[in-house]
Every structure is written in C-alpha cells, then in structure tokens.
Amino acid sequence: MSAFSRVLFAFSALIIVLFFLTTTFPTSFSFTNTNSFSHFLATFHANNNNNNHSPSSSPNDQTHQHQPILGLWRNPFIAFKGINDISPSPASTNQNISRAISPDVANCGPVELPPNAITEPFCCPILPSPLKIKDFKDFAKPNAPLRVRKPIHLVDDEYMAKLEKGIAIMKSLPKNDPRNYIEQAKVHCVYCNGGYPQKPPFQNLKIDIHRSWLFYPFHRWYIYFFEKILGSLIGDPDFAVPFWSWDSIEGMQMPKHFANPNSSLFHNLRDPAHLPPYIVDLNYHVGADSTTQDQQVSYNLAFMYKQMVLANTKEVFMGGVYRFGDQAQPAIGSVEQAPHNTVHKWVGRADLPSQEDMGTFYTAARDPIFYPHHTNIDRLWGIWTSLDGGRQDYRDDQDWLDSEFYFYDENLDLVRVNIRDSLDTKKLGYVYEEFEIPWLNASPKPSRTKLERQAKKASFLASQNPITTTTATKFPLVLDSKVSVAVTRPKKLRSKLEKEREEEVLVIEIVDLHSDKDVKFDVHVDDDEEMLSGPDKAEFVGTFTSVPHGRHKSKTRFMVAISKVLENLEAEEDEIIVVTLAPIVGKGLVSIGSIKVEYILK
Ligand SMILES: [Cu+2]
C-alpha cells in the first residue's frame, strides 16, 4: 500500500466509526446507562459546538444558518480535530464542558399526543426566516418600578378587565403572529410533548420540560414572556399576571371571572361541576368522591404542607437532574405532581379522553386559567427557596444554569434565554405580593397511636411471605392493586446533625409507565392497608400523578422526603418501614422497579 492509500484507508475507517457513533448510538441509548458513552459524545459535541455556537461568543442579534452543528459534525476535518480533543484521557472529563440542555429549534417536529387527541399534532412555532435569534438582555433597570403579581382574590374588577382585554386581543391576532393566543398555547405543547429534539448527536432524544429540573425555570420564562406580550398589547408595560392562589383559603375556588361566559377568560372545555363556589381538591383525581367543603380546606392545607415544607431537598421538590444526552423525565418534583398536575386535571373536562383542555399538556395553555395557575406555581418556587432560612436549589450546577429555552418576546423577536437569568425575579422586573400563608404550620398528624402502628407492622412482618425489597420475583411489580412492601432503612436513629445535613428519601423507581394515560397512585408509610389514611394524615406521604403525554411507555422516578414523617410516626428507631402503594387511577398501567431508602445531601 502506498503512503497515500494508507492515509486514505485510515481516514475512511475513521469516517465509518464516526458515522456509526452519530447514527447508531442515540437510538440504542437507554435510561440505565446514561454516563460513560453519553459523556464521551457529549464532550465531543460540546467541543464542536463551542467553536461556533456558544452563547457567550454569539453576538447579540446574530443571524444563524441553522445547520452549523450538523455541518461541523459531518465535516471530517473538524471531526478529526474533535476526536483528538476527546481522547478518553482524564482531561476529557473536565468539568468545563457543558452538558446543558438546549432545544434544536430549527428541527422542530410533530409532537406526540395521547390517543384520541382532539387537535392536530403540530405545535411548532413559526420561525423567522432567516432564523434570527437574540440572546436575552432585557433585564429590568435597577431603579425601575417592579411589576407586582397579586392573588386574584385581592385584585379588583378593573385590574381583571386588563387581563381580559389582553387575552381578547391575543385571541384576535392573526394566526401567523407569534403573540396570537393559540400560538402562545402551542409553546407549551412543543416543549411538553416532544416537539424539540436535543441537538446532535442526540437528535433522537426529544426534550420534555416536565418531570425534571427544567419544570420551574421553563414555566417562569414562559409566563414572563406571556406577561410582557400582554402588557404591551394593552399599552401597560407594568401589568403583572395575577395568580390563582389555590393554596390560600380565599383562593380555593375557580376565580369568578374565569367562570363568566361573557369574559375572554371563560373556556368551554372545563369540568362544569367545578365552577365556583366549589372548593378545589389539590389531591384530585377523575371520579374522586367529593367531601364536605370544610374538610376539603383542611385536606388541602395539610397536603400543601407535605408538598412544600416536607419536600426539603432540591431533587424531591424540583425534580431530577436532566442533562444533554439524558433521557427525558428523570424524576418528578413534589408540587409538579400535586397540586400542579391535580389542578390541571380538576379544571379539565372529566368526560374527555385526556381531560382536555387543562388536563393534558398539548392543550392545557389554551385555557386562560393556565396562566394564573402557573403564576402560582412560580410563586411557590420562590417560597420554597426561602423556607428554613433558605433552601439549596441547583444553582451550583452549571448545566442547570446554562440550560436554554426559546420564546418570542413582545417585539416579535425570537429570544434565547437560560436558567441562570431567571433566578432573580427582580432582574426580570417582577415580585409577588406577600400575604399570609395558611399551610406553613399545617403539619399533618398520624391517624393512629404508635402502639397501633407498631402492632400493624409486626403482624405484617409475621405474615406469610411479606413482600420485601429483596423479594426478587416480585419486582418489577405491576401496580394493579394495593401492595405493601417492607423497606429496610440503611441507617436508624440518625443524629440531629445528620438529619440537618441529609434528608432520608424514599426512592421509587418507575420502570414502565403508560405515559399516554392518566395514572395516579398514593404512597403510605406504616399505615393500615385495609383502612388507608387520608391526605391530611402523616401516614399518607405522597402521590404520584401522571398527566398524559404522548409517549406510550416511559421511565421516571418518584421521591418522597421522609425524615420528618418518621419523626411524626415515631418510627426513627425502626429498621423497617412498611410502604403501601395504592393505585387510584390507571390500575396496572405502572410498574415499580424498586423501592429503597436513600440519604440525599440537602
Ligand atoms: Cu402546567
């Protein structure tokens, strides 16, 4: 072989290997092996990407030709440089390489919908041609007045009339205007139902902002741009979207303006049984028995306490870590399950296949009540962060901070934002009006005495073949009926200091979830399987709820913080806790891979 043919041969071999990596790997990539190889490719991509596309080097208002990354990837000369850069030496695992999620906006595709969807599967926004992207710079001026978001029950009709006017204008805008009401609703659909792929080489992984650490910041930005657009359309740039404070006693009904058929805030596809003065059920499921209104209020308050106060680690409250190259939906946060998902369901039409419009993500933002609902979710994020004198969120993680989204602003510019810029709402020009929080001290009490609980547990463990986490034949466990499992705690009687440093967390791996269906199951600790406690009791520790997405099957994780629960149940010295899973909706549509206790740094 001549020297030239040898070079040619080596070069072709390299191309074949690269082709294999780009085409084969992403499809065979699975949830359980997210690390080494994906990191290898992510590193490779990041090196290429940094050459031409990093947000820090991109000038404001630049014009992108949207194939540069793909172009680079397929360019053997640059790929050759790339492979040198990422030879698997220690240097390649260097922390400076970003694995932040960023949607490939130029390659938006049809979304995945639940069965019997009532609208078309196309949610991609209209893109400017040529694709022109601005990086977000529109921070509030240091001394400018802040927009104050108030609870709806404390604003007057005149203020609500501004919201009504803004939504009416948005509904009247032409379809090809990104400020058009339905175009805005599609933004939610595209980010929730897999319209955007991750960037190459992970284009087979569709992005989903739910069930992960993207949930709060995505919705913060979404409401931010909605508010700015609405303010500009009504000629009042100081307008702030009021919030539906379903966590306060005065706010526990659907706000009356939304139930007025003559208002632009009215929406046809809602459960007619849930109009005011009916009290919202924050732990709702379709077909739930109604309870007395007073009982419902106290259920709701105890439930809020669990989802906010007891959920005291970032993983449990905000959802799981989700990086470039990872499968979507790593773990769902407490408030995202409920009240977020449950209020979506409570508003939607119980008799439609996926409780449209609010009860499923592809249509949820078509209902004007979506916005005050999510404004409250955004407010709760801020409240959670300030509890216990300040709680630790993900702000030390560069990949979280660098994660990106794209929205249209009030000037019709397509704007790229990141999570870092969303953390201080004052920099975005708004704050929340503070008022009394009624659930802050609504700590739930046990339904039985310690003696009764211990007797129940002893009889369960003495029964024939109680299921334990090591009963291999039982897992994965199809949740088609109530099941109790003996779960061993690796540590017992932890010191106060240990408890301050680490939270004891019940981790439930969901290995097979029918994501296109409505699913809900409740989790109880040291309860009585025959007579399970209600949502206002300490033994009821959490609920898993799934709003139908498109994907038929998915995996995720459900975590419940139990340090305080075990204190309340006087079970801190027990080596075993009995965890009962009670399917409420969608029996048999979820399989549990494992249940264990872990200790997570706060
Ligand atoms: Cu939502």
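The following exercises, each with a worked solution, concern a predicted model.

**Exercise 1. The copper site**

Task: Determine which residues coordinate the copper ion and how the donor residues are spaced in sequence.

Solution:
- Step 1. The copper ion is coordinated through the NE2 atoms of His340, His344 and His374, at 2.0 to 2.2 Å.
- Step 2. In sequence, these donor residues follow the pattern H-x3-H-x29-H.
- Step 3. His344 belongs to helix H11 (residues 334-347) and His374 to helix H13 (residues 370-386); this pair, 30 residues apart, links distant parts of the chain.
- Step 4. His344 and His374 are both buried.
- Step 5. An unreviewed UniProt entry places the feature "domain: Tyrosinase copper-binding" at residues 367-378. Over residues 367-378, the chain is 75% helix and 0% strand, with its end C-alpha atoms 18 Å apart.

**Exercise 2. The second largest pocket**

Task: Describe the lining of the second largest pocket, and state which element gives the most to it.

Solution:
- Step 1. The second largest pocket holds about 510 Å³ of space.
- Step 2. Its lining consists of 20 residues; those nearest the centre are Arg379, Gly382, Ile383, Ser386 and Tyr432.
- Step 3. At least two lining residues come from each of H13 and strand S6 (430-432). H13 gives the most, with seven residues.
- Step 4. Sorted by class, the lining has nine charged, seven nonpolar and four polar residues.

**Exercise 3. Strand S5 and its partners**

Task: Establish which strands pair with S5 and in which sense, parallel or antiparallel, and then where the residues of S5 point.

Solution:
- Step 1. Strand S2 (residues 132-135) pairs with S5 in the parallel sense over two bridges. Asp135 has Arg416 as its bridge partner in S5.
- Step 2. Strand S4 (residues 404-408) pairs with S5 in the antiparallel sense over five bridges. Here the bridge partner of Glu404 is Asn418.
- Step 3. The hairpin of S4 and S5 has five residues between the strands, and Leu412 in this hairpin takes a positive phi near 70°.
- Step 4. In a regular strand, side chains alternate between the two faces of the sheet. In S5, Leu414, Arg416 and Asn418 point one way, whereas Val415 and Val417 point the other way.
- Step 5. S5 (residues 414-418) is mostly covered, as five of its five residues are buried.

**Exercise 4. Backbone exceptions**

Task: Locate the cis peptide bonds before Pro201 and Pro476, and decide whether Asp388 and Asp526, which have positive phi values, are buried or exposed.

Solution:
- Step 1. Most residues other than glycine have a negative phi, and most peptide bonds are trans.
- Step 2. The bond from Pro200 to Pro201 is cis, with omega near 10°. Pro201 is found in the loop between helix H7 (181-192) and helix H8 (215-233).
- Step 3. The bond from Phe475 to Pro476 is also cis, with omega near -5°. Pro476 is found in the loop between helix H15 (450-462) and strand S7 (477-478).
- Step 4. Asp388 has a positive phi of about 55° and lies in the loop between H13 and helix H14 (398-402). Asp388 counts as exposed because its relative accessibility is 60%, and the cut-off for exposed is over 50%.
- Step 5. Asp526 has a positive phi of about 50° and lies in the loop between strand S10 (519-525) and strand S11 (540-546). Asp526 is buried because its relative accessible area is 5%, and the cut-off for buried is under 20%.

How values were computed:
Residues are numbered from 1 along each chain as its sequence is written. This is a predicted model: local features need pLDDT of at least 70, side-chain atom pairs count only at pLDDT 80 or more; totals for chains, interfaces and linings use all residues. Side-chain values use heavy atoms; hydrogens and water are left out. Donors are N, O and S atoms within 2.8 Å of the metal (3.2 Å for Na, K and Ca); water is not among the atoms, so sites may look incomplete. Helices (H or I, at least four residues) and strands (E, at least two) are DSSP runs, numbered from the N terminus. Buried means under 20% relative accessible area, exposed over 50%, partly exposed in between (1.4 Å probe, protein chains only). UniProt positions are given in the numbering used here, feature names are shortened, and annotations may be inferred rather than shown by experiment. On a 1 Å grid over the protein atoms alone, a cavity is a set of points where a 1.4 Å probe fits but cannot get out, and a pocket is an open set with protein on both sides within 12 Å along at least five of seven lines; lining residues have an atom within 4 Å of a point. Grid points are joined across faces, edges and corners, and a volume is the space filled by probe spheres set on the points. Ala, Val, Leu, Ile, Met, Phe, Trp, Tyr, Cys and Pro count as nonpolar, Asp, Glu, Lys and Arg as charged, and the others, Gly among them, as polar. Two strands pair if DSSP finds at least two bridges between them.
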